Amino acid sequence: DRQTLVAVLQFLRRSNLRESEEILRREARLLGDDLGGSVATVATSSPGVAAVAAVPPGKGGARSGTAGSLPGAVVSRCIFASSFRQSYKLFSLLYANIFAVGGGVVVEDQPDVSAVLSAYNQQGDPTLYEEYYSGLKHFIECSLDCHRAELSQLFYPLFVHMYLELVYNQHESEAKSFFERFHGDQECYYQDDLRVLSSLTKKEHMKGNETMLDFRTSKFVLRISRDSYQLLKRHLQEKQNNQIWNIVQEHLYIDIFDGMPRSKQQIDAMVGSLAGEAKREANKAKVFFGLLKEPEFDVPLDDEDEEGENEEGKPKKKKPKKDSVGSKSKKQDPNAPPQNRIPLPELKDSDKLDKVMNMKEAARRVRLGPECLPSICFYTFLNAYQGLTAVDITDDSSMIVGGFADSTVRVWSVTPKKLRSVKTAADLSLIDKESDDVLERIMDEKTASELKILYGHSGPVYGTSFSPDRNYLLSCSEDGTVRLWSLQTFTCLVGYKGHNYPVWDTQFSPYGYYFVSGGHDRVARLWATDHYQPLRIFAGHLADVTCTRFHPNSNYIATGSADRTIRLWDVLNGNCVRIFTGHKGPIHSLAFSPNGRFLATGATDGRVLLWDIGHGLMVGELKGHTDTIYALRFSRDGEILASGSMDNTVRLWDAVKAFEDLETDDFTTATGHINLPENSQDLLLGTYMTKSTPVVHLHFTRRNLLLAAGAYSSQ
């Protein structure tokens with residue numbers, strides 16, 4: 001079919017694949033240089049038929065982003081469709097070149113439901129599906145060990161797509177039989193997804209099903225070595241198993257790497273998310289993970305530091321910060337973002353005072369390590385019949401807040417100082433505004449108490465966060481709002497409405513002013529306290545955004561999701577710069593190391609995973625917990641990682657040892673995998689049980705005392 005041939009040659013020329021073009025010309029005995037004036041694009045409508053549409057030259061036909069069309073898919077379809085079967089060498093060259101080189105050329109758009117489902121119109125004989133699948137299964141199980149682990153990754157996505165194809169084309173009995181025969185072969189971590197899948201038994205069920213749609217709109221990503229991929233392709237071509245080959249083309253994205261195939265252990269560590277692994281391309285962008293330079297300001301010295309220099313009555317001398325205790329070096333971190341990359345709020349006098357206090361506390365901080373573990377102070381919420389759903393503690397550890405299922409937010413003072421609110425307007429008018437202690441006088445002693453209850457939400461409160469200056473408090477709720485409360489008046493200042501569904505988490509930036517929220521609508525939003533609309537919307541997760549965290553330099557936000565992935569977003573432009581896969585259940589906790597280089601994540605699978613942000617690699621796996629991990633926190637200097645879980649334990653891990661001697665060389669960065677140590681028990685420094693209290697929050701004080709919190713459960 002000359003027209004199809006012309007289309008392929010045009011495509012190769014446009015993609016600068018001259019060598020492949022020459023081979024195809026020789027094979028097809030087409031030596032003339034004139035390929036006609038128009039470029040042909042191929043629409044894959046049904047197997048064996050190529051619908052060819054003429055497009056004026058230069059309009060880029062073959063790259064048009066139809067649902068699931070891929071340069072490689074277009075070309076290989078042409079070859080299948082027009083039944084001119086060139087030699088195997090030609091096909092390999094064509095496909096390998098286009099697939100490997102053009103792997104990143106996919107135009108990803110979000111198709112609508114009907115477009116997505118129509119991909120399932122291409123169907124073969126429904127009675128042969130079981131035979132196709134079992135044939136492939138037999139081939140993979142009989143292949144060499146080194147290839148078997150990699151190719152086994154195909155089982156799950158193929159199983160899902162073949163089942164959905166049968167259901168969509170209304171072969172319900174064949175679909176049921178197919179499901180019952182093969183669902184037991186899938187990996188245990190896909191059981192929840194399979195349960196949802198088993199409920200889709202009719203074409204009508206597929207229309208409104210979110211999981212179904214996710215599977216369609218996002219290509220399932222498999223990372224396979226070139227050798228294993230060639231083996232698979234040869235097998236499918238010899239068997240002429242077009243049905244499976246079509247699914248591989250349409251719905252899977254195979255990320256081919258050169259080098260040794262990965263072991264079962266390496267693959268198991270990385271897979272398990274809703275859409276397979278992350279493409280290596282997704283983790284290539286540069287990330288400024290360094291810390292911002294501390295602003296310089298003078299620090300008044302303590303009396304004991306003055307060494308009698310001052311005579312009576314003279315003002316105290318000021319010394320620059322570098323002479324004071326505990327200050328950081330003035331050198332700019334080479335990995336830090338430019339200081340003005342995103343606008344950050346100016347430091348107020350009270351912030352400077354707080355920084356001084358912080359530095360004095362840091363001077364008295366305990367250096368932690370395997371030989372010197374922190375003391376742990378546990379705050380147990382007793383008789384919390386209202387249902388404790390969220391906890392936060394201020395940076396100076398003076399206040400603790402609880403969010404409850406009865407829609408209240410309760411703030412406690414954990415120091416002898418009671419919580420005071422500002423006096424009423426009538427009382428304020430009587431105060432002498434010129435007096436030195438005016439800030440004390442405006443506070444109302446009569447209403448001071450240890451506990452303040454904030455009413456306003458109309459559903460359970462799932463997240464709380466104190467502002468760094470302790471003037472404000474955020475809370476987010478099932479009612480779809482995020483509320484900002486004043487800790488001066490203990491009243492609600494703003495209700496931010498942007499999410500349409502429950503909001504699961506919210507957190508203030510380490511510099512204040514900005515905050516992030518994530519919810520059931522699958523997006524995270526970045527807000528500023530003085531804007532009632534979000535500044536950024538971070539969209540990309542395939543399920544609820546369950547937890548959110550700011551990077552210490554405030555330029556990035558990490559989000560964990562029920563799609564079992566963690567994403568890192570750039571606050572400046574809203575781009576996703578990292579996707580981490582490896583957890584086998586929804587993510588519920590995130591913690592950045594104090595130096596900004598690493599991220600720890602915890603999920604319902606009871607594992608803590610450690611990630612190198614700069615290289616975009618998993619560098620550690622901490623096993624020990626037996627239930628969901630709801631709390632993670634690094635000590636102030638980053639030597640120890642504390643994890644708290646629903647299994648009623650707090651565990652302490654040696655973070656220094658976990659991150660030392662990382663083999664983040666060029667090879668592991670290129671292939672995107674790393675050898676994890678078999679045993680994480682030598683990193684475990686201690687396990688501390690509560691009587692019957694799940695741990696929902698952890699916090700290191702400025703002197704490295706560990707505070708933990710949770711509600712006693714009588715079950």
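Two strands are taken to pair if DSSP finds at least two bridges between them. Helices (H or I, at least four residues) and strands (E, at least two) are themselves DSSP runs, numbered from the N terminus. With that in hand, strand β7 (residues 376–381) and β35 pair in the parallel sense, over 6 bridges. The model is a predicted one, in which local features need pLDDT of at least 70 and side-chain atom pairs count only at pLDDT 80 or more, while totals for chains, interfaces and linings use all residues. Residues are numbered from 1 along each chain as its sequence is written, and side-chain values use heavy atoms, with hydrogens and water left out.

The β7–β35 pair belongs to an open sheet of 3 strands, in the order β7-β35-β34 and with mixed pairing. Its edge strands are β7 and β34, each of which pairs on one side only. On average, neighbouring strands here are turned by 20 degrees against each other, direction ignored; the axes behind such angles are lines fitted to C-alpha atoms, for helices over the stretch in contact, and angles run from 0 to 180 degrees between N-to-C directions. On the β7 side, F378 has A708 as its bridge partner in β35, and F381 stands opposite A711 of β35. On the other side, β34 (residues 697–700) runs antiparallel to β35, joined to it by 4 bridges. One pairing there puts H699 with L707 in β35. The two strands make a hairpin with 5 residues between them, and N704 in the turn has a positive phi of about 75 degrees.

What about the surroundings of β35? Strand β35 (residues 706–711) has 6 of its 6 residues buried, so it is largely enclosed by the rest of the structure. Buried means under 20% relative accessible area, exposed means over 50%, and partly exposed lies in between (1.4 Å probe, protein chains only). L706, A708 and G710 point one way from the strand, L707, A709 and A711 point the other way, and all are buried.

A second open sheet holds 4 strands in the order β14-β15-β16-β17, with antiparallel pairing. Here β14 (461–466) and β17 (491–497) are the edge strands, each pairing on one side only. The average turn between neighbouring strands of this sheet is 20 degrees, direction ignored. Within the sheet, strand β15 (residues 472–477) is joined to strand β16 (residues 481–486) by 5 bridges, and the two run antiparallel. Y472 stands opposite S486 in β16.

An unreviewed UniProt entry carries the annotation "repeat: WD" for residues 381–422, 454–489, 496–527, 538–579, 580–613 and 622–654. UniProt positions are given in the numbering used here, feature names are shortened, and annotations may be inferred rather than shown by experiment. In the model, residues 580–613 are 0% helix and 59% strand, with end C-alpha atoms 10 Å apart. Residues 622–654 come out at 0% helix and 61% strand, and their end C-alpha atoms lie 10 Å apart.

A few loop residues have an unusual backbone angle, given that most residues other than glycine have a negative phi. S407 is not a glycine, yet its phi is positive, at about 75 degrees. S407 sits in the loop between β9 (399–404) and β10 (409–413), and at 16% relative accessibility it counts as buried. Y513, also not a glycine, has a positive phi near 70 degrees. The loop that holds Y513 lies between β18 (503–508) and β19 (514–519). With 27% relative accessibility, Y513 counts as partly exposed.

On to the helices. In helix α2 (residues 18–28), the buried residues are S20, E21, I23, L24 and R25. R29 follows α2 and has a positive phi, near 55 degrees. Elsewhere, the axes of helix α8 (residues 155–168) and helix α14 (residues 242–251) come within 11 Å and cross at roughly 105 degrees. That makes α8 roughly perpendicular to α14; angles under 35 degrees count as roughly parallel, over 145 as roughly antiparallel, 65 to 115 as roughly perpendicular and the rest as oblique. L158, H161, M162 and E165 of α8 meet Q243, I244, I247, V248 and H251 of α14, contact being heavy atoms within 4.5 Å. By class, this contact has 5 nonpolar, 3 polar and 1 charged residues. Ala, Val, Leu, Ile, Met, Phe, Trp, Tyr, Cys and Pro count as nonpolar, Asp, Glu, Lys and Arg as charged, and the others, Gly among them, as polar.
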